[in-house]
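Visitor: I am new here and would like to know the reasons behind the words people use for a structure. Could you take me through them?
Guide: Gladly; let us have the model in view before we begin.

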Amino acid sequence: MSADPSPRFAVEVRRSARRSRTVSAYREGDRTIVLIPARMSEAEEQRWVGVMLDKLAAQESKRALGDDDLTERATQLSGQYFDGRAKPASVRWVTNQNTRWGSCTPSEGSIRLSHRLQGMPEYVIDYVLLHELAHLLVPGHGARFWQLLEAYPRTERARGYLEGVVAADRLPHLPKAREQ
Ligand SMILES: [Zn+2]
């Protein structure tokens, strides 16, 4: 069971006899409405409310972080962890990068992040940004490179998260949960 990532929204569950299988959710003012089939059990209701709240939050964080926000975030992170020595000129999302989470061109100060990171936790996106920022200062993955990243307290956790995502991608696909 996941915690409500958006506690500012009160949740209202509406049961509908017309719904037989699908669950959906949307924001209405300061409330979140979750529509579920009338026959769903209490336990299933709780589980689905968690799933749908996570989903809405992920969609919203995806919309919230545009390229301008990314560049600003990278500049902030550089100031916080690298004394501002890494100077990103541009940071943008790209959809043509499926085998790497991020890449950079040090001579231009440009950083690209894979769109696959969208909707992932903020600390993971921050880690990938810091990783590419560190490459603006140090090429390759030698000791000096990882020394830079030690300043960020969530490096190990973020690397573990991303490794988990890669491992899960290789698993046979489970039947999709029913949702709309
Ligand atoms: Zn790297």
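Visitor: What kind of model is this?
Guide: It is a predicted model. The chain has five helices and six strands, and from the N terminus on its elements run β-β-β-α-α-β-β-β-α-α-α. Of its 180 residues, 38% count as buried.

Visitor: What makes His-131, His-135 and His-141 donors of the zinc ion?
Guide: A donor is an N, O or S atom within 2.8 Å of a metal such as this one. The NE2 atoms of His-131, His-135 and His-141 lie 2.0 Å from the zinc ion, so they meet that cut-off. In sequence these donor residues follow the spacing H-x3-H-x5-H.

Visitor: Why is His-135 called buried?
Guide: Buried means a relative accessible area under 20%. His-135 has 12%, so it is buried.

Visitor: How do you know whether Asp-126 is buried or exposed?
Guide: The relative accessible area of Asp-126 is 7%, which is under 20%, so Asp-126 is buried. Asp-126 sits in helix H3, residues 122-137. Apart from residues up to four places away in sequence, Asp-126 touches Arg-73, Leu-77 and Tyr-152.

Visitor: What makes those residues count as touching Asp-126?
Guide: Contact means heavy atoms within 4.5 Å, so Arg-73, Leu-77 and Tyr-152 each have a heavy atom within that distance of one in Asp-126.

Visitor: Which residues are closest to the centre of the second largest pocket?
Guide: That pocket has a volume of about 350 Å³. Of the 16 residues that line it, Trp-101, Tyr-127, His-131, His-141 and Leu-162 are the closest to its centre. Two of these names are familiar, as His-131 and His-141 are also donors of the zinc ion.

Visitor: Which elements supply the lining of the second largest pocket?
Guide: Strand E5 (102-105), H3 and helix H5 (155-170) each supply at least two residues. H3 gives the most, with five residues. By class, the lining has six nonpolar, six polar and four charged residues.

Visitor: Why is Ser-78 called buried?
Guide: Its relative accessible area is 1%, and the cut-off is under 20%, so Ser-78 is buried. Ser-78 belongs to helix H2. Leaving aside neighbours within four places in sequence, the contacts of Ser-78 are Asp-83, Gly-84, Arg-85, Ala-86 and Leu-133.

Visitor: Why is Asp-83 called exposed?
Guide: Exposed means over 50%, and Asp-83 has a relative accessible area of 67%, so the word fits. Asp-83 is in the loop between helix H2 (67-82) and strand E4 (90-94). Although Asp-83 is not a glycine, it has a positive phi of about 50°.

Visitor: How do you know whether Arg-39 is buried or exposed?
Guide: With a relative accessible area of 82%, Arg-39 is over the 50% cut-off and therefore exposed. Arg-39 lies in the loop between strand E3 (31-37) and helix H1 (42-64). Its C-alpha atom is 8.1 Å from that of Arg-15, and the two residues are 24 apart along the chain.

Visitor: How much of the contacts in the chain comes from residues 24 or more positions apart?
Guide: Among contacts with a separation of 6 or more, such residues account for 47%. As for the outside, the accessible surface of the chain comes to about 11000 Å², and 50% of that belongs to carbon and sulfur atoms.

Note on methods. Residues numbered from 1 in each chain as written. Predicted model: local features only at pLDDT ≥ 70, side-chain atom pairs only at ≥ 80, totals over all residues. Heavy atoms only, no water. Donors = N, O, S within 2.8 Å, 3.2 Å for Na, K, Ca; no water. Buried < 20%, exposed > 50% of the residue type's maximum accessible area, 1.4 Å probe, protein only. Helix = DSSP H or I, 4+ residues; strand = E, 2+ residues; numbered from the N terminus. 1 Å grid on protein atoms, 1.4 Å probe; cavity = no way out; pocket = protein on both sides within 12 Å on 5 of 7 lines; lining within 4 Å. Points joined across faces, edges and corners; volume = space filled by probe spheres on them. Nonpolar A, V, L, I, M, F, W, Y, C, P; charged D, E, K, R; others polar. Areas by Shrake-Rupley, 256 points an atom, 1.4 Å probe, with all protein chains shown as cover.
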